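Open the structure in your viewer and keep the selection tool at hand. The stops below go from a pair of helices to a core and then to a chain contact.

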Amino acid sequence: MSKETFNEYIKPFVVLVCICLVVSFLLAFTNSKTAPVVAENERIEAERTRQAVLPGSASFTELDVSAIDGVETAFRETSGAGYVVTAGYKGYGGIVTVTVGLDNDGKVVGISANVSSETKGIGSKAGQESYLSNYKDLVNAAAAEQVDTISNATYSSTAVRNGVSSILRNFESIKGASEK
Amino acid sequence: MKDKMKILLNGMFKENPVLILALGCCSVLAVSVSVSGGFGMGVALTFVLVCSNVVISLLRNIIPSKVRIPCYIVVIATFVTLVEMLMEAYLKSLYDSLGVFLSLIVVNCIVLGRAEMFASKHGVVDSFFDGLGMGIGYTMVIVGMSVIRELFGSGTLLGYRIIPEGYQLGILTQAPGGFFLFGCAIAILVAAMAKKGKKFEPKMGCDGNCAACHSACEDRKEAEAK
């Protein structure tokens, strides 16, 4: 093999592969350092959301809701103030996750919705307090299904409605769920 | 030291990447609605620019010219991903406010343009100062624009309310206001330089603006070698 062939065909290939290998290791190393911090941040963020939807709550115990359809996670407030349940339904751009705080009788005391996948300014209205407050104080799922959707943002607001009604429908079985 | 200072100032004024070379305008227009976001973006870009310039300058004799663009992109993407990971872990609020524009530094013309135009032809120290100067030049523009846009558009500065509610120029926070301000900024800098008699004379056909240049860089390299 002549030197020219090497420089022309082999060297570019070898150099690029070497660079890619080195940076892969570098990135893998950084990721191994930052991934736990990111996970911890997310956990704190989730805890904060839970405390926000259930006034007066401090710490939570996770419940095993894998057998219940239409509910993602459920937490019982350790001192017995109530429950915080999340459910995700398909909106317009992705999954809209609603987090609902319920007292022991299954009444909605607080609600928040993650609408980051929805269109800004249109679908995101479904995550605003002005819309979510329609669901406050509701107890049964049928009443939640009567709440109007937002015109222009039907997909996003329907996802919120589906989430809330599914949580209310399953409240009794969530209450009976064992600890995780 | 004097020539290093010259390289540094070159990026800040004479060849300001945003206002003179008109590179990286997309992120400037999009992120300059809040001062904290603009500053964060400027620092992130400066970091990527300095690191990629240094590494590319170190590797400039190893990288074969046939695969230089993929090599540059890999190096740049690495630093962007590093910044992204670190920011997500330690500066979550800034990470959220920059959104997709942080990842888009990979394809920011300034970074690739400086790699191709400067770092691949100059030594490590010079490339470091070029990256720093260009980064500071970018940060100055984005912070300057975001101060005006946030103050008069939203009535706040770094989140603190300065102008009472109801007296804002809402258009400044939107795209047309950004373009308008961008045009004014270019005009002011060019006018100031013309007054000082420092007219910007492009040295090459494309004057480093790889986005607007369609000529093959191979030819230019050969011409320079002669």
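The tour starts with how to read the model.

This is a predicted model, in which local features need pLDDT of at least 70 and side-chain atom pairs count only at pLDDT 80 or more, while totals for chains, interfaces and linings use all residues. Residues are numbered from 1 along each chain as its sequence is written, and chains are lettered from A and ligands numbered from 1 in the order in which they are written.

Select residues 35-58 and 68-90 of chain B, which are helices α3 and α4 (helices are DSSP runs of H or I, at least four residues, numbered from the N terminus). Their axes are 9 Å apart, at an angle of about 140° (axes are lines fitted to C-alpha atoms over the stretch in contact, and angles run from 0 to 180 degrees between N-to-C directions). α3(B) and α4(B) are therefore oblique to each other (not under 35 degrees, not over 145 and not 65 to 115).

Next, select V48(B). Leaving aside neighbours within four places in sequence, V48(B) is in contact with residues including I76(B), F79(B) and V111(B) (contact means C-beta atoms, placed from the backbone, within 7 Å).

Add I76(B) and V111(B): with V48(B), they touch the most other members of the largest nonpolar core, which has 48 residues. Such a core is a set of buried Ala, Val, Leu, Ile, Met, Phe, Trp, Tyr and Cys residues joined through C-beta atoms within 7 Å (buried: 20 or more other C-beta atoms within 10 Å of the residue's own, placed from the backbone). α3(B) gives the most to this core, nine residues.

Finally, show both chains. Their contact takes 16 residues from chain B and 15 from chain A. On the chain B side, α4(B) supplies the largest share, 10 residues.

Notes:
Helices (H or I, at least four residues) and strands (E, at least two) are DSSP runs, numbered from the N terminus. Two residues are in contact if their C-beta atoms, placed from the backbone, lie within 7 Å. A residue is buried if 20 or more other C-beta atoms lie within 10 Å of its own, exposed if 12 or fewer, and partly exposed in between; C-beta atoms are placed from the backbone.
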